[in-house]
Amino acid sequence: GIEILKKLRSEESIKDVPIVMFSAATDKKTIANEVLHGATDFISKPCEPAYLVERVKKNLGIEIVDTSALESTIKYKIIVVDDKAQDLQLETELLQKFFPCKVITAQNAIEGLYLLSEPDCDANLVLVSMDMQFMDGFEFLAFVAEDENMRKFPVVIMTTSSNVAILSGIKNSFAKGYIRKPDFSQEGFALIEKILIGDSE
């Protein structure tokens, strides 16, 4: 797939055609470093059919109507990255319940990096699960911190861990802090609110 991607990008007549990588690959460096700089989008498989259709429509420039909230009531945009489907759904519901926001979800870290790398990305906050199998929160932070354009987005780690070393690592990292997943807690909501208000001022 990477070889085909490079070949397509080198052909003048089709170099601007959207290319979506659809893969179950597990080589983090290959995907993050090669695909991010050539493909238009990345979808990990297997994935839900509705999610696949949504991503294809987006890459074809077909407007996707968000019926979850009226645009006039949306004040913030939050990207949530989590490879656990149940947690991702609960996190989305909680954010939309407590904040006037549009939630954009990513099913793994690579999809999250793609969202952040899009030129028109204007997220106010990025919430990333620490405990993902393919690429954990620390690895995600490392990629974001190294990229000049991605560094402008505030990132908060979501975790279930009580391990002192992990929590200390988060505090000493590029992240703005951590919150408990998937239900956040009062302190978590307070941190989210503080970042959103500060980002919008």
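**View 1. Strand 3 in its mostly covered setting.** In this predicted model, strand 3 spans residues 76-81, and five of its six residues are buried. Strand 3 pairs with strand 4 (residues 101-106) in the parallel sense, over six bridges. Strand 3 also runs parallel to strand 5 (residues 125-129), to which four bridges join it.

**View 2. Individual bridge partners of strand 3.** Isoleucine 79 has isoleucine 104 of strand 4 as its bridge partner. Valine 80 is likewise assigned a partner in strand 4, namely threonine 105. For isoleucine 78, the bridge partner is leucine 125, which belongs to strand 5. In a regular strand, side chains alternate between the two faces of the sheet.

**View 3. The five-stranded open sheet.** The strands of this sheet follow the order 4-3-5-6-7, and their pairing is parallel. Strand 4 and strand 7 (178-180) stand at the edges; each has a single partner strand, so one side of each is left without a neighbour in the sheet. On average, neighbouring strands of the sheet are turned by 25° against each other, direction ignored. Strands of a sheet pair through backbone hydrogen bonds, either parallel or antiparallel.

**View 4. Helix 4 and the β-α-β unit.** Strand 3, helix 4 and strand 4 together make a β-α-β unit, which is right-handed. Helix 4 lies across strand 3, strand 4, strand 5 and strand 6 (155-159). Relative to strand 4, helix 4 runs at about 165°.

**View 5. The aromatic pair between helix 4 and helix 8.** A search of the whole structure finds three aromatic pairs. One of them is formed by phenylalanine 98 and phenylalanine 189, with a centre-to-centre distance of 4.6 Å. The angle between the planes is 45°, and the pair is classed as tilted. This pair links distant parts of the chain: phenylalanine 98 belongs to helix 4 (residues 85-98) and phenylalanine 189 to helix 8 (residues 185-200), and the two are 91 residues apart. Phenylalanine 98 counts as partly exposed because its relative accessibility is 47%, a value between the limits of 20% and 50%. Phenylalanine 189 has a relative accessible area of 17% and is therefore buried.

**View 6. The edge-to-face pair and the aromatic cluster.** Phenylalanine 189 also forms an aromatic pair with phenylalanine 184. Here the arrangement is edge-to-face, at 5.5 Å centre to centre and with 85° between the planes. Both phenylalanine 184 and phenylalanine 189 are buried. Phe98, Phe99, Phe184 and Phe189 form one aromatic cluster.

**View 7. The whole chain as context for the close-ups.** The chain has 201 residues, of which 42% count as buried. Its secondary structure comprises eight helices and seven strands. Among the contacts in the chain with a separation of 6 or more, 60% are accounted for by residues 24 or more positions apart. The chain exposes about 11,300 Å², and carbon and sulfur atoms supply 53% of this area.

How values were computed. Residues numbered from 1 in each chain as written. Predicted model: local features only at pLDDT ≥ 70, side-chain atom pairs only at ≥ 80, totals over all residues. Heavy atoms only, no water. Phe/Tyr/Trp six-rings, centres within 6.5 Å; stacked < 30°, edge-to-face > 60°. Buried < 20%, exposed > 50% of the residue type's maximum accessible area, 1.4 Å probe, protein only. Pairing = 2+ DSSP bridges. Right-handed = clockwise from strand over helix to strand, strands pointing away. Axes fitted to C-alpha atoms, helices over the stretch in contact; angles between N-to-C directions. Contact = heavy atoms within 4.5 Å. Areas by Shrake-Rupley, 256 points an atom, 1.4 Å probe, with all protein chains shown as cover.
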